[in-house]
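I opened my notebook and went through this model one feature at a time. Here is what I looked up, in the order I took it.

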Amino acid sequence: MAERGEEDKRGQRIEAQEREILRAERRILSVADFMALLMVAATAFTALATWRTYQVSQLIFAISDRPFIGVQKVSFERTDTEQPALVVDFRNFGPIPADDAIITVTPLLDGKPIPSHDGEMTVSNQGVVSPGVPHFFYVFLVPEEYKKAVSGAARLMVRINVEYKSPSLERRYCYLEKLFYDYRTSSFRHAGGTTHCGNTDIF
């Protein structure tokens, strides 16, 4: 009986040891699985960070290495003559020249386009627009049109559209700005615009 009791105890101890070994193995497997999950997550985050870095780098390059044509100022000149002039001062604010630049200036009085006078052109092929160099576009008015605008008797709006390319000629860029003359401040004020091509709204 004593021997049987000893054998039973020995068997229980062995079973207890086996259970402990199994629990230890489970803990090891759980830790290994968790570490593997962490490695997978770290790899995924690294890939995402690399992709985002590439996107940001591409965006910075696209912005910094292209021409940017815009309007510096719109004003009146020759106001005491029979042909007052609406002058658009536009420039390339980017670091590289713009090629094949075509500018269109459309003045409107009370929403109606002002017809050109004496064969005047409203579209001009400016060719190359160098960075920082002032370029001017003139629109001539008759005295009655000018007086209506500056007195506030009629609302004068100017629509300026420029289409151009970078020197690589791989992409066409567009610039549209609308300004109206505020007779109370004697200045042109912004009335909207876009950099998307194909906008034909003139009001």
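**Entry 1, a pocket.** I began with the second largest pocket, which has a volume of about 180 Å³. The model is predicted, so to speak of its pockets is to speak of a prediction. I wrote down the lining next: Arg 66, Phe 68, Ile 69, Tyr 164, Arg 171, Arg 172, Tyr 173, Cys 174, Tyr 175, Thr 195, His 196 and Cys 197. Which element gives the most to this lining? I found that E8 does, with four residues. I then sorted the lining by class and got seven nonpolar, two polar and three charged residues. The arginines Arg 66, Arg 171 and Arg 172 are among the lining residues, and arginine counts as charged.

**Entry 2, the strand behind the pocket lining.** Since E8 came up, I followed it along the chain. Strand E8 covers residues 172-182 and runs antiparallel to strand E9, residues 187-194. How many bridges join the two? I noted six. For one facing pair, I looked up Glu 177 and found it opposite Gly 193 in E9. E8 and E9 form a hairpin, with four residues between them. In that turn I marked Ser 186, which has a positive phi of about 55°.

**Entry 3, a sheet.** I moved on to an open sheet of three strands, in the order E1-E2-E6 and with antiparallel pairing. Which strands sit at the edges? They are strand E1 (69-77) and strand E6 (135-140), and each pairs on one side only. I also checked the turn between neighbouring strands of this sheet: it is 20° on average, with direction ignored. Between E1 and strand E2 (residues 85-92) I noted eight bridges, and the two run antiparallel. Within that pairing, Val 74 stands opposite Val 88 in E2. I also saw that Ile 69, from the pocket lining of my first entry, falls at the start of the 69-77 range of E1.

**Entry 4, a cavity.** Last, I asked what is closed off inside. How many cavities of 30 Å³ or more does a search of the whole structure find? It finds one. The largest cavity has a volume of about 40 Å³. I listed its lining as Pro 107, Ile 114, Pro 115, Ser 116, His 117, Glu 120, Thr 122, Val 139 and Phe 140. By class, I noted five nonpolar, three polar and one charged. Val 139 and Phe 140 of this lining lie in the 135-140 range of edge strand E6, which brought me back to the sheet of my third entry.

Key. Residues are numbered from 1 along each chain as its sequence is written. This is a predicted model: local features need pLDDT of at least 70, side-chain atom pairs count only at pLDDT 80 or more; totals for chains, interfaces and linings use all residues. Side-chain values use heavy atoms; hydrogens and water are left out. Two strands pair if DSSP finds at least two bridges between them. Axes are lines fitted to C-alpha atoms, for helices over the stretch in contact, and angles run from 0 to 180 degrees between N-to-C directions. On a 1 Å grid over the protein atoms alone, a cavity is a set of points where a 1.4 Å probe fits but cannot get out, and a pocket is an open set with protein on both sides within 12 Å along at least five of seven lines; lining residues have an atom within 4 Å of a point. Grid points are joined across faces, edges and corners, and a volume is the space filled by probe spheres set on the points.
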